[in-house]
Amino acid sequence: MNNINMSFDLYHLWQVCGGQLILIVAGLLLILVDIILMEKDQEIRGRWMGWLTVFIFAATIGHLACREWDLHDTIFMNVFSADKYSIFISIVMTCAGLLAAMMSIGYLRNNGLVRGEYYILLVFAVAGAIGLIQSVDLLMMFITLEVMSLAIYALAAFLKDSSYSQEGAFKYFLLGSFGSALFLFGVAIIYGTTGTLNITQMAQYISGGSYSTLPILVAFAMIMAGFFFKMAMVPFHMWTPDVYEGAPSVITGFMATAVKAAAFGVFMKVLFVGFTPILASSGQPDFAATVNLSALGPYWKPVIWWLALLSMFIGNLIAVSQSNIKRMLAYSSIAHAGYMAVGIIAANGEGRMGVLFYLFAYTLMNIGAFGVVYLIDGMERKAQDLEDYRGLGYIYPSLSFLLSLFLVAMAGLPPTAGFIAKFYVFAAAIKEGYFLLAALGVLTSVIGAYYYLRVIYLMYMKEKVKDVERGPIAAPTVVALVIAALGVVYLGLLPENLASVANLAQQSLAMIF
Amino acid sequence: MDKYIFLIPLFPLIGFLINGLLGKRFGKGIISFIGCMTVGFSFIVSLFIWKYLLSLEPGHRILTQTLWKWMSVGGLSVDVSFMIDPLSMLMILVVTGVGFLIHVYSTGYMYEDESYWRYFAYLNMFVFFMAMLVLGGNYLVMFVGWEGVGLASYLLIGFWYQGIDNAVAGKKAFVVNRIGDFGFVLGLFLMFWTFGSLSYLDVFPKALELFEQGSLPINSPVLVAICLLLFVGATGKSAQIPLYIWLPDAMAGPTPVSALIHAATMVTAGVYMVARTNVLYTLAPSALLVVASIAAATAFFAATMGVLQNDIKKVLAYSTVSQLGYMFIGVGVTAYWAGIFHLMTHAFFKACLFLCSGSVIHAMSGDQDMRHMGGLAKKMPITYITMLFATLAISGLPPFAGFFSKDEILGKAFSFPYYPMAGKIIWFIGTAGAGITAFYMFRLIFMTFHGEFRGTKEQEHHLHESPANMTVPLVILALLSLFGGWLGIPELIGKFFGHVPNILEGFLEPVFEHSSNIVSQFAHHGHVAEPVEWTLMTTSVVVAIIGISLAYYIYMVHGKELPQKLAQKYAFHYQVIYNKYYVDEIYEFLVVLPIYYFSVFLWKVADAFFIDGIGVNGPAWVVKRTSSIVRLVQNGYVQTYGAFMLVGMVTILCFFIYR
């Protein structure tokens, strides 16, 4: 397992990095298409760019899903690896991109913002995210993280006339740089101490007994902090409400899901491959059974225990007093990060499987919710106050029903995907004896039910405060919303299929080398 | 027959989908037909299954059906499965039977409503989830129904959405229920942790096995914890102290909804759940003591709150809370079948009472205040007679249904096998509560149907008996209130009529068999002598008659002045009871406001420093924001955010090093 894979040929590259290749090449081609369409009418340009992007994402999902599922391989001297784990999360993120692209066609038109670079940035963001999740090398992790983040910063600032968007993106950029710097500094220390950037070799070094030495611990803390920022865990969460509120609604949905999936995915990878010495020394492929986190477990588990608890409590509690729906959903996404972290603490197969399932379920319900939010908004910031949602149930029954469904799923009521996802992570935590954390987590979800429900109850009240006129509905948005809604219900009724795939994916973490 | 169990929930689901998706385009006739018939079909299927169940040996009366594997995690595998045994059979018959009658009644009561289709869609959805709750073969399917009926009730309470009151009441119901669910979910987690399963057919045998091996002694802490946590869920759903507050407000919904959901079926889910879990509760006597004590307190206090209400539905609401207390006394003193018996008779007479009150409100053009009524007996004879039947039943006078079930509960409470002393106290409180019940129920009858009409001329002009689709269900329910109790005639009385068997107890016996074995093995022998039984029975009848006489004396003989005089003389007590002991206000002050202000505090002080320009330095901030983006770096927010990140990282590091 410690051999560096030097072989290289194009077929091999396609097998391992196919997803990234499609997106990067297609992204470059999109730039050309955009130039060709420059002279054309806004309407035509927007439609072409949008549909091409949708097609690109669909093709990427197709490639990822149809590539040889059992192939575990690495390329570029073990910089990227292709394994079920990274492919699963890549599919989740590309799905987020696909749904976001479909909604963007209508969103950009409603806001008079039809511009080609939007889609190009979206494609590159997903390309970066896939690269990030495929990286085994800490430096490549940093590079791809930045590829993804830079595209997202630009997208968050895409509303040029909105000071909220500018302000949020600027803060995101500054703090994101700070977070990345922490991460990079941690990586540097790792390199200085262990002489390698490859996480499996690092793990091997650490397992030699030096896991508790000061440099390793400092590096570990810094790397954790960098990831917690992207995961939006308390106290690294403070950018979230500002950025989510300011960014274009569809992009907010994308950020809350794809970026979160990337951050959680790569964090679990670093945690369970890099800082799990027992795995590296034994080299057993079925480490899911033999995993023993006794070495660094006592270090990171209490940290995540507290951060998960704080995220769940602070996220849910502050969401109660929010009056802007995007801000409310931002705090709710902090809380969801906390729930997912509960699955990480369990540190068993069920927990990791639960997190993967949660990421997929959360992607569907969150992007769905933001899709409805942008439609009701008409133009960005026209109707984002909760009070604006009063009485909408009678004017726009279908939209209100969809939003209710997504919110009910986020509140974790059965039989929706949200309930199953929470059940998986909590059950995994309880299996490992984290009963108190699970109990407190369930308690916070009671608070959560309150504010999710408030939106539903406002929508079905008759007295209106002001007349809200939704924007025109584009066909792809409808399709995206219906896909998300059906997915939420399907995963609630028949979760086993996805869960078994997620289980295979988490088991393959052991194969990464 | 077990292949057809899924049809019971399926029919209402189909009704919900058809009416919900297409109902807007249908005429009212089609909507009523779909709404009623789907539930009717479920009832018929239930009857067939019942017939089949009776043809089996009593010991083998368990039918199961597994639809598909739902999920598996950490050694726990949960199926979407149904189970029918005598207990769930009885429940589903009550749910679909009474549900069908109330659907029929609704076709008359709701006829004028503009969103008629939506109402029936929600009502069918409720029956679907209630069937899931009752028929579920494991606790997780039960939980789906448990949450679903809460959602349906939330939608139906807020159905008219005319006033903010309805919406607020609906939300209150839902949030309070969520607090209860918190306990329920934790109970399930703990159960899964202890027994490794959530299926009824795994958990109970496992518990018995562990008990017989000696590794799970009686009153073991984990078992008491499971039972208490589940009971927290039950207090939410079944409106017991301290979570009963949502039920009286829930009466803001349409009256048939109050009858179906907030009286006959949904609120009894907690009782069903405890009876279903009887093996675990019997092994945890301390939990039973808590259940019985809280139940007795609820039965008594809710009854006193009902005494001074003037809203006809509020009186019935508090009486429901109180009667649920009696059911919990039954299951709490290990007389599980008696609790279920009272659940059944209560479903009959309380549904009847609510529907009658609906008929009255209908006649009064929507007025619910009893101070405006009076003398309605002449105008609405059918409503009057049926309501009188139901009132006699709830007051516990023989031979009406309530007498048999309530008496069974109080008699069993008197001989509570685990805690005989506590049992006697519970009996005393329960009997006193029964007297108060008789008092306020007859106060309702006297104020509504007797004396002179006190409303406006216009209202008087409109007074009329309700149409047949409303009165027929009333008559059926009134007859059930009379005869329903005869299913459970106690041995004591039965032997006078040539050994009439106690049909219901025999039918339910297999479900509670293990529990009675454990009780007889471990508890003090709780059988009371025959004369004592007679005394108890006579006492409860006498107390009820005293209550009725008092109501007659105060509201009929001295109807004009005495109530006011009493109110003035005992002004303080009157105020406290009239305001329901100020419990709502206390909760608002102690729970709701602190959470809200804590949220605002966290948001404004501990988090974010508030960007939207409403804060103290808002105007200045707006000016700043327009001037230059670069200024953002200087306004302090970004530094604060960054500082928090740094503090967070340094804390983690310090923990790592000084661990």
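Visitor: Is the crossing of H3(A) and H20(A) left-handed or right-handed?

Guide: The crossing of H3(A) and H20(A) is left-handed, a term used if the near helix is turned anticlockwise from the far one by less than a right angle, with clockwise giving right-handed. This is a predicted model, in which local features need pLDDT of at least 70, side-chain atom pairs count only at pLDDT 80 or more, and totals for chains, interfaces and linings use all residues. Residues are numbered from 1 along each chain as its sequence is written, chains are lettered from A and ligands numbered from 1 in the order in which they are written, and side-chain values use heavy atoms, leaving out hydrogens and water.

Visitor: Where do the axes of these two helices stand?

Guide: H3 (residues 84-110) and H20 (residues 475-493), both of chain A, have axes that come within 7 Å and cross at roughly 145°. Axes are lines fitted to C-alpha atoms, for helices over the stretch in contact, and angles run from 0 to 180 degrees between N-to-C directions. Helices are DSSP runs (H or I, at least four residues), numbered from the N terminus.

Visitor: What makes the contact of H3(A) with H20(A), by residue class?

Guide: Nine nonpolar, two polar and no charged residues. Ala, Val, Leu, Ile, Met, Phe, Trp, Tyr, Cys and Pro count as nonpolar, Asp, Glu, Lys and Arg as charged, and the others, Gly among them, as polar.

Visitor: Which term describes the direction of H15(B) relative to H18(B)?

Guide: The axes of H15 (residues 336-363) and H18 (residues 401-414) of chain B come within 9 Å and cross at roughly 155°. That makes H15(B) roughly antiparallel to H18(B), the term for angles over 145 degrees (under 35 is roughly parallel, 65 to 115 roughly perpendicular, the rest oblique). The crossing of H15(B) and H18(B) is left-handed. Residues of this contact (heavy atoms within 4.5 Å) include Trp337(B) and Phe341(B) of H15(B) and Phe404(B) and Ile409(B) of H18(B).

Visitor: How do you know what span H1(A) would have if straight?

Guide: The expected span is 1.5 Å times one less than the number of residues. For the 27 residues of H1 (10-36) of chain A that gives 39 Å, whereas the end C-alpha atoms span only 30 Å. H1(A) has a kink of about 90° centred on Cys17(A); the bend at a residue is the angle between axes fitted to the seven residues ending there and the seven starting there.

Visitor: What is notable about the backbone at Asn219(B)?

Guide: Asn219(B) has a positive phi of about 65° although it is not a glycine. Most residues other than glycine have a negative phi. Asn219(B) lies in the loop between H7 (200-213) and H8 of chain B.
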